[in-house]
Amino acid sequence: MLRTDALTKAYGGGPGTVHALRGLSVVIPAGTFTAVMGPSGSGKSTFLHCAAGLDRPTSGSVLLGGVDLAGLSEARLTELRRDRIGFVFQSYNLVSSLTVWQNVGLPLRLAGRRIDQEWAREVLAHVGLAERLAHRPAELSGGQRQRVAIARTLVARPEVIFADEPTGALDTESGRDVLGLLRTAVDTYRQTIVMVTHDPVAAAHADRVLFLADGRLADTLDAPSAEQVAAWLGGLGSRC
Ligand SMILES: Nc1ncnc2c1ncn2[C@@H]1O[C@H](COP(=O)(O)OP(=O)(O)OP(=O)(O)O)[C@@H](O)[C@H]1O
């Protein structure tokens with residue numbers, strides 16, 4: 001489980017201080033898919049970075065499986081990110097000189113961890129790339145590259161995968177494939193996923209949507225439909 005308590009993040013100081021998060025408390029149960037939405041500047045990326053241990057909050061706590069990230073040294077935090085957290089970004093961050101198979105195994109190799117070959121093959125079959133293991137990223141479509149990136153995170157069995165606009169660079173069809181894949185990773189492997197997105201269709205794949213506004217949790221929506229999400233965002237827009 002991932003939990004934040006009264007999370008705040010302020011950038012700068014004095015009169016020009018930007019309060020990106022203003023006391024954000026959320027609970028994200030293990031094995032669920034959560035989408036984080038809200039207008040530009042509402043604090044989505046800041047939340048993601050603090051929750052994933054990429055950035056330190058100004059106050060409040062982030063608990064990942066009972067560990068308070070605030071209490072960790074930089075070295076321990078780096079270790080925790082490497083061993084227990086997965087990331088999927090809009091840009092796939094694959095190594096162009098390596099094959100699909102090598103890319104997928106790279107983080108574990110760098111961490112000095114054993115690669116469970118059977119599991120890696122299952123994951124690569126799950127993402128539909130079993131026939132592409134010897135290909136390099138340049139030989140793959142954008143959707144396929146993102147599926148390699150997802151396989152790379154799943155192979156490491158992280159406690160949480162943080163996805164930041166994972167379909168932002170993809171056409172509609174590839175985007176739908178990638179979202180379907182994230183959904184089945186939750187349903188099949190009980191993977192926990194937290195995804196920042198601007199797209200109501202993407203958010204509709206989640207179990208729950210957290211709506212942020214002005215650094216606060218403005219609302220939540222369970223079993224969301226794209227129409228409900230769009231309507232909520234539209235309503236917020238008119239209130240701003
Ligand atoms: N490094 C920084 N220094 C100063 N202000 C920052 C910094 N990072 C973010 N901010 C500010 O914090 C607020 C929240 O930004 P954040 O990027 O978290 O929003 P967001 O909801 O992810 O926006 P978007 O949808 O546009 O990506 C914004 O006002 C932003 O300008």
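By class, the shell around the ligand has 3 nonpolar, 8 polar and 1 charged residues, where Ala, Val, Leu, Ile, Met, Phe, Trp, Tyr, Cys and Pro count as nonpolar, Asp, Glu, Lys and Arg as charged, and the others, Gly among them, as polar. The model is predicted, and its local features need pLDDT of at least 70, side-chain atom pairs count only at pLDDT 80 or more, and totals for chains, interfaces and linings use all residues. Residues are numbered from 1 along each chain as its sequence is written.

**Ligand shell**
- Residues surrounding the ligand (C-beta atom, placed from the backbone, within 6 Å of it) include Tyr11, Val18, Lys44 and Thr46.
- Helix α1 gives the most to this shell, with 3 residues; helices (H or I, at least four residues) and strands (E, at least two) are DSSP runs, numbered from the N terminus.

**Sheet**
- An open sheet is formed by 4 strands in the order β2-β1-β4-β5, with antiparallel pairing, two strands being paired if DSSP finds at least two bridges between them.
- Because β2 and β5 (67-68) stand at the edges with a single partner strand each, one side of each is left without a neighbour in the sheet.
- Strands β4 (residues 59-64) and β5 pair over 2 bridges, and Leu63 has Asp68 in β5 as its bridge partner.

**Helix pair**
- The axes of α5 (residues 142-155) and α6 (residues 172-189) come within 9 Å and cross at roughly 20 degrees; axes are lines fitted to C-alpha atoms, for helices over the stretch in contact, and angles run from 0 to 180 degrees between N-to-C directions.
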